[in-house]
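Visitor: Could you take me in for a close look at one helix pairing and the charged contact that goes with it? Please spell out the cut-offs as you go.

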Amino acid sequence: MALVLWSVAPVVWSQEAVPDKPPLRVAIAGSVPFVISNDDNTFTGYSIEVWEDVAAHNGWTFEYTQYPTKLDALAAMQRKEVDIIVGDLGILSALQGKVEFSQPYFRSGLHIMVSNARPHTFGRILSDLYNWGHLRPFWYLLGAIVVGTLFVTWFERRHNPDFPKSRRDALAEAFYYVISLSLGKSAYKGFGGWFGRIVMCVWTILSVVIVAYVTSSITSTMTVESLRGHIQGPGDLHGHTVGAVKDTAAVLYLREKMIESIEYPDLDTAVREGLLTGQVPAIVGAAPELQYYDKNHPELPITEIGPVFSPYNYGFAVPLGSPLRVQINSAILELQERGTLLDLGLKYFGPVFQP
């Protein structure tokens, strides 16, 4: 009996001396559908479900802390406030030496989104003329033509016995005089006397200016409209100012390629305030995020064009030298072999998902 007690006592003592491991501090940051915040302060999404499967595989407990951006989460890891970052974090060379990455669990890349329900050419030209402030002078011009037509009708009916007598014919004849004179192709003698000659000279000069303005406005609008339709892939982005979501791989790509961009706080803002208003002709973003947004907003006139380019992978980030990395990799490989990652991809992205 004494022998038994002697052999058991050290075991009991050692169990009491080892404290329970604290839960892992998990930073979550990313975009839909990889990180989805629910109203009840819980989280779902592709990355969240992969991580929870990894944690269950290793028997880990954890606590979530959400950060506004991935850069904020990376800064928190540098301050040793978190043990792992979960989200659509690309395995990029720019982050090497700052954190270590797990085995990739998702293949990604960049894609281009454009509007696929633009009006016909004439409608687009009118829209651009309005947006650039050209329509107001056109309204003034139309008003001047109406006033000129009425004045010529009144003058000719009083001083020209050969002018049509009926109101309809008189207005049509006067309208023809005004338009043809404005285009510099009229034989209309105009008003008599020295004052009438001055009026005709001023009218002729203004006609030249008006025709030049109208021609240049429509020509410039058509030129810009023609350029807008040329984005069919990444090679067409140069020379355009395109949209991107801030703090993403798309921004890094556009800066590297020296392509002008406008950064938006999120994809929904980029689409509604940038793409659909014509502020930008295209949005560059992560292919799965653009596809997921398009799939869940069938009412919006958007589509993705061209190939997926600048490929990269998503992985979980851990501090340099973290022992968690090996265990995470083992769990991810098992999830791949079991088909769990494929099932999750089909769940969130549908048949367009490619493992």
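Guide: Here's the helix pair, followed by the salt bridges and a greasy patch elsewhere. Keep in mind that this is a predicted model, where local features need pLDDT of at least 70, side-chain atom pairs count only at pLDDT 80 or more, and totals for chains, interfaces and linings use all residues. Residues are numbered from 1 along each chain as its sequence is written, and side-chain values use heavy atoms, with hydrogens and water left out.

Start with helix 2, residues 46-58, which packs against helix 12, residues 340-349. Helices here are DSSP runs of H or I with at least four residues, numbered from the N terminus. The two axes sit 10 Å apart at an angle of about 155°; each axis is a line fitted to C-alpha atoms over the stretch in contact, and angles run from 0 to 180 degrees between N-to-C directions. That makes helix 2 roughly antiparallel to helix 12, a label for angles over 145 degrees. Their crossing is right-handed, meaning the near helix is turned clockwise from the far one by less than a right angle.

Now for the charged contact: lysine 347 forms a salt bridge with glutamate 49, with the closest N and O atoms 2.6 Å apart. Since lysine 347 belongs to helix 12 and glutamate 49 to helix 2, the pair ties together parts that are 298 residues apart in sequence. A salt bridge here is a side-chain nitrogen of Lys or Arg within 4 Å of a carboxyl oxygen of Asp or Glu. Lysine 347 is exposed, at 52% relative accessible area (exposed is over 50%, buried under 20%, partly exposed in between, using a 1.4 Å probe and protein chains only).

By that rule, the count comes to eight salt bridges. Among them, glutamate 263 meets arginine 255 at 3.1 Å, N to O; glutamate 263 is partly exposed at 37%, while arginine 255 is exposed at 55%. Another joins arginine 168 to aspartate 169 at 3.8 Å, with arginine 168 exposed at 67% and aspartate 169 partly exposed at 37%.

Last stop, the greasy bit: Trp139, Leu142, Val146 and Leu150 make a nonpolar surface patch of about 430 Å². Patch members have over 30% relative accessible area and no salt bridge, and nonpolar side chains (Val, Leu, Ile, Met, Phe, Trp, Tyr) are joined within 5 Å, like charges within 9 Å. Leucine 150 sits in helix 5, residues 135-159, and counts as exposed at 51% relative accessibility.

Key
Areas by Shrake-Rupley, 256 points an atom, 1.4 Å probe, with all protein chains shown as cover. Helix = DSSP H or I, 4+ residues; strand = E, 2+ residues; numbered from the N terminus. Parallel < 35°, antiparallel > 145°, perpendicular 65-115°, else oblique.
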